[in-house]
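Colleague: Got a minute to walk me through this one?
Modeller: Sure, pull it up and ask away.

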Amino acid sequence: MKLAVVEDDINMRKSLEIALGEYEEFEVVSFKSAKEALKKLDDSIDLIITDINMPQMDGIEFLRTLNGRYEALIITGNATLNKAIDSIRLGVKDFLTKPFEIETLVEAIHRAKKAQEVMSVVAKDRTRTNKSAESQAFVAHSPALENALKLANKAAKTDASVLLLGESGVGKEVFARHIHANSPRSHAPFIALNMAAIPDNLLESELFGYEKGAFTDATEGRAGKFEAANGGSIFLDEIGEMPLSLQAKLLRVLQEREVVRLGSAKPIKVDVRFIAATNADIQAKIKKGEFREDLYFRLQTIPIRIPPLRERTEEIIPLCEWKLEQVNQQYGIGAKKWGSGAKEQLLSYRWPGNIRELLSVIERAAILCEEDTIMPEDLFLSSRESGGEKKIANLEEELIYEALKNCDSDVDNAAELLGMKKEVLLSKIKHYNIKL
């Protein structure tokens, strides 16, 4: 098990290195600051042990930047309730107050490892569930979705680059997986990467890989995502968030079908089918100089617009029926059913978060509903104003405001409640000028 210790106190850092290094099961690397760790962390790390109070960037901000990519434990000599709550919300597995015995830390590491193994089993179950979700999503009940699906099926038979366009939560990754699964490349890997979820300084090494010695702690070479997808498809989600500095390199991969690892000058040929997705206005980004026009044209050989849920309301009830049955089985909560008025409210709501929000609402209602029947009040949906419908923007703004209020302004919890990605929620908070 490879551990990364992030601690600014040199005595503490070295003590932990030595003490943990005496256990044969552990391999230990250490960093004197969060910023140094961000530059050098790679996928070989199994668990991060980090202090909270560090100069330049504290442990909480460090973990926020990592965005859940690693399991983590926190050690600190100055524990506060707020810091503990923040760390729990970030998914931290344990919170130890200095001084502590090394055996206490080792026990915490073992607990984190066991939790990781359990979550791995759960993830496999969810993968099977997600595959079922994909097939359900493509039982099209609306002309709008049927048209997008027909275009996706045509694109699947080719190697042309596809750009999936649509609001957050409409199912762009589901479409991407469908295209891959119905293509001649279906036997080969499908690699998905979210541009917005990975810090800029780590994204290049994730995509292109690196050679031994490319940077400190690069003790061996590692293939990037392009190489991992060789023979198959790579899905670049939130492509509009890709740093401008990397866009030229991506363009070269699209043109030359070769990559160059960090620390190398040798090109490596790759045979990859590109599928990208965005909910951003790429044309506006091009005008602002934030996105390369030549890259845009390369990516959108076949553009497919996936309609929002409000344009395909015929999908709502079939998706709800399927999701409720799935939740009933997954959590063993009995046969929950729909009560009077619940389906009507589901149909009248505008679903700014689209399918992701819909499935989240159904799961939450089924779990929290204390009776066997799900009633309108169990859905916690905003109702229509008397005298006519609210504008979509007003509905969305109200929904976000209420979610933040219910979550005490915690953006991570609010994003989960809304079924939105955190990055999307932050951009909407800024757009509506909502004060946290």
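Colleague: Before we start, what do you count as a nonpolar core?
Modeller: A set of buried Ala, Val, Leu, Ile, Met, Phe, Trp, Tyr and Cys residues joined through side-chain atoms within 4.5 Å. Keep in mind that this is a predicted model.

Colleague: OK, so which residues of the largest nonpolar core touch the most other members?
Modeller: Trp-338, Leu-346, Trp-351, Leu-358, Leu-379, Ile-400 and Leu-425, out of 37 residues in that core.

Colleague: And which helices supply at least two residues each?
Modeller: H13 (316-331), H14 (342-348), H15 (354-368), H16, H17 (411-418) and H18. H15 gives the most to this core, seven residues.

Colleague: Switching to pockets: what volume does the second largest have?
Modeller: About 980 Å³. It has 37 lining residues, and the closest to its centre are Glu-241, Asn-279, Glu-423, Val-424 and Ser-427.

Colleague: Which helix has the largest share of that lining?
Modeller: H18, with eight residues. H3 (59-66), H11 (282-287) and H16 (392-406) are also among the elements giving two or more.

Colleague: How does the lining divide by residue type?
Modeller: 14 nonpolar, eight polar and 15 charged.

Colleague: Now H6, which residues are buried there?
Modeller: Leu-145, Ala-148, Leu-149, Ala-152, Ala-155 and Ala-156. They cover an arc of only 120° around the axis, so they sit on the same side of H6.

Colleague: What's on the face turned away from that side?
Modeller: Asn-147, Lys-150 and Lys-154, which are exposed.

Colleague: And how far does H6 reach?
Modeller: Its 14 residues, 143-156, reach 20 Å from first C-alpha to last, close to the 20 Å expected at 1.5 Å a residue.

Key
Residues are numbered from 1 along each chain as its sequence is written. This is a predicted model: local features need pLDDT of at least 70, side-chain atom pairs count only at pLDDT 80 or more; totals for chains, interfaces and linings use all residues. Side-chain values use heavy atoms; hydrogens and water are left out. On a 1 Å grid over the protein atoms alone, a cavity is a set of points where a 1.4 Å probe fits but cannot get out, and a pocket is an open set with protein on both sides within 12 Å along at least five of seven lines; lining residues have an atom within 4 Å of a point. Grid points are joined across faces, edges and corners, and a volume is the space filled by probe spheres set on the points. Helices (H or I, at least four residues) and strands (E, at least two) are DSSP runs, numbered from the N terminus. Ala, Val, Leu, Ile, Met, Phe, Trp, Tyr, Cys and Pro count as nonpolar, Asp, Glu, Lys and Arg as charged, and the others, Gly among them, as polar. The expected span of a helix is 1.5 Å times one less than its number of residues. Buried means under 20% relative accessible area, exposed over 50%, partly exposed in between (1.4 Å probe, protein chains only). The arc is that of the directions from the helix axis to the C-beta atoms.
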